[in-house]
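Fancy a few warm-up exercises on a protein chain? Have a go at each task before you read the solution under it.

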Amino acid sequence: MLGLMFIALSCSLKAIADDRFANVKINSQSVNGSTYMLTGAGGNIGVSAGKDGILIIDDQFAPLADKIAQALSDIAEQPTKYVINTHYHGDHTGSNAYFKEVQDSTIFAHDNVRKRLKANKAHTHAALPVVTYEQGLTFHFNDDTIKVTHLPAGHTDSDSVVYFEKANVLHAGDLFFQGRFPYIDLEGGGTVSGYISNVATVLEMIDSDTKIIPGHGKLADKSAYQASLEMMQQTAKYVADKKSDGASLAVVLKDGLDKRWKDWAWNFITEEKWITTLYNGQ
């Protein structure tokens, strides 16, 4: 009886999850040259599409896999050969199994992505990256040079950014939440200082003409990324100074941030959550 109840509950939860994504539309946007950006629910997907086939960066949630595949086929009638995971979070790796099993894609990621996914019982073996790296790797694909670079602990301990040299396009993964307070996964190896340092490093890799696909938010440029860095630097210093003066988290939360940062709050990372992250992640 308990077994049947468990099966019924599991089916019910799956139905709820499927309903959550039922009305999600995957939108495609041309970025530059052979590169595209797909948006839907979860992390933005970067795409290289051309005569060599399709390479994607991140793949959102599992229930969206068919919709993502359809959006890719609308761009090019080519197989999806490669998938790069920028980090381990489920809204960036959820469709790994689909692309690996159905599309016969090879999944690439930093060593820690595989380790963290493997430790998560919700992920099947088919969802694990096949090729992992320590520092980075380079693809020569669709007449472009695509450089994947791992950075020290920041958003998580598994972050990579992907740069298309010819197209001058950067996929920043979740090292960029465009116009929003970022999520720093302290339990997943992320650190506030590391996140800020990594963003400063990545900004040195690009120029004013670079188009940036953020992990979340609209297509952006270097000035928008610079604005995000300045917000983090200033709010982190404010909270650190308060903490150094002996203020408790409760006091800092009560005082809040300067009103100029109000518009950076959103449903997942509110001002309260951002202050808490800054306070605990120093």
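Contact here means heavy atoms within 4.5 Å. One caveat before we start: this is a predicted model.

**Exercise 1. The two sides of a helix**

Task: sort out which residues of α5 are buried and which are exposed, then find what the buried ones pack against.

Solution:
- Step 1. Go through residues 111-119, the span of helix α5: Asn 112, Val 113 and Leu 117 come out as buried.
- Step 2. Look down the axis. These buried residues sit on the same side of α5, because the arc they cover is only 130°.
- Step 3. Now check the other side of α5, where Lys 115, Lys 118 and Ala 119 are exposed.
- Step 4. Use the contact cut-off to find the partners: the buried residues of α5 pack against α3 (90-93), α4 (96-101) and β6 (106-110).

**Exercise 2. Two neighbours in β6**

Task: take Ala 109 and His 110 in strand β6, and work out whether each is buried or exposed and what each one touches.

Solution:
- Step 1. The cut-off for buried is under 20% relative accessible area. Ala 109 has 0%, so it counts as buried.
- Step 2. His 110 is at 5% relative accessibility, so it is buried as well.
- Step 3. List contacts, skipping residues up to four places away in sequence. Ala 109 touches Asn 85, Pro 129, Val 131, Thr 132 and Tyr 133.
- Step 4. With that same exclusion, His 110 touches Thr 132, Tyr 133, Glu 134, His 150, Asp 157, Ser 158 and Ser 160.
- Step 5. Pick out polar contacts of the His 110 side chain. One of its polar atoms is 3.2 Å from the backbone oxygen of Glu 134, and a 3.3 Å polar contact joins it to the side chain of His 150.
- Step 6. For a sense of distance, try Asp 74: it is 35 residues from Ala 109 along the chain, and their C-alpha atoms are separated by 26 Å.

**Exercise 3. Salt bridges**

Task: count the salt bridges, then see what the one between Asp 143 and Lys 51 ties together.

Solution:
- Step 1. Use a cut-off of 4 Å between a side-chain nitrogen of Lys or Arg and a carboxyl oxygen of Asp or Glu. The count comes to 7 salt bridges.
- Step 2. Asp 143 and Lys 51 make one of them, at 3.9 Å from N to O.
- Step 3. Place the partners. Asp 143 is in the loop between β8 (136-141) and β9 (144-150), while Lys 51 is in the loop between β3 (45-50) and β4 (53-57), so the pair ties together parts that are 92 residues apart in sequence.
- Step 4. Check accessibility: Asp 143 is exposed at 52%, and Lys 51 is exposed at 58%.
- Step 5. Move on to Arg 116 and Asp 157, whose closest N and O atoms are 2.9 Å apart in a salt bridge. This pair links helix α5 to the loop between β9 and β10 (160-164), 41 residues apart. Arg 116 is partly exposed, with a relative accessible area of 27%.
- Step 6. Finally, trace shared partners: salt bridges join Lys 51, Asp 52 and Asp 143 into one network.

**Exercise 4. A sheet and its helices**

Task: give the strand order of the open sheet of 5 strands, find its edges, and say which strands α6 and α7 lie on.

Solution:
- Step 1. The order reads β8-β9-β10-β11-β12, and the pairing is mixed.
- Step 2. β8 and β12 (211-216) each have a single partner strand, so they stand at the edges, with one side of each left without a neighbour in the sheet.
- Step 3. From one strand to the next, the twist averages 20°.
- Step 4. Zoom in on β11 (residues 169-177): its pairing with β12 is parallel, over 5 bridges. Leu 170 stands opposite Ile 212 in β12.
- Step 5. Add the helices. α6 (residues 192-204) packs on the sheet, touching β10 and β11, with its direction at about 165° to that of β11. α7 (residues 222-244) lies across β11 and β12, at about 25° to β11.
- Step 6. Finish with Ser 228 in α7. Ser 228 is buried at 3%, and leaving aside neighbours within four places, it is in contact with Phe 176, Phe 177 and Trp 264.

Technical notes:
Residues numbered from 1 in each chain as written. Predicted model: local features only at pLDDT ≥ 70, side-chain atom pairs only at ≥ 80, totals over all residues. Heavy atoms only, no water. Buried < 20%, exposed > 50% of the residue type's maximum accessible area, 1.4 Å probe, protein only. Helix = DSSP H or I, 4+ residues; strand = E, 2+ residues; numbered from the N terminus. Arc of directions from axis to C-beta. Polar contact = N/O pair within 3.5 Å; in protein donor to acceptor, adjacent residues only side chain to side chain. Pairing = 2+ DSSP bridges. Axes fitted to C-alpha atoms, helices over the stretch in contact; angles between N-to-C directions.
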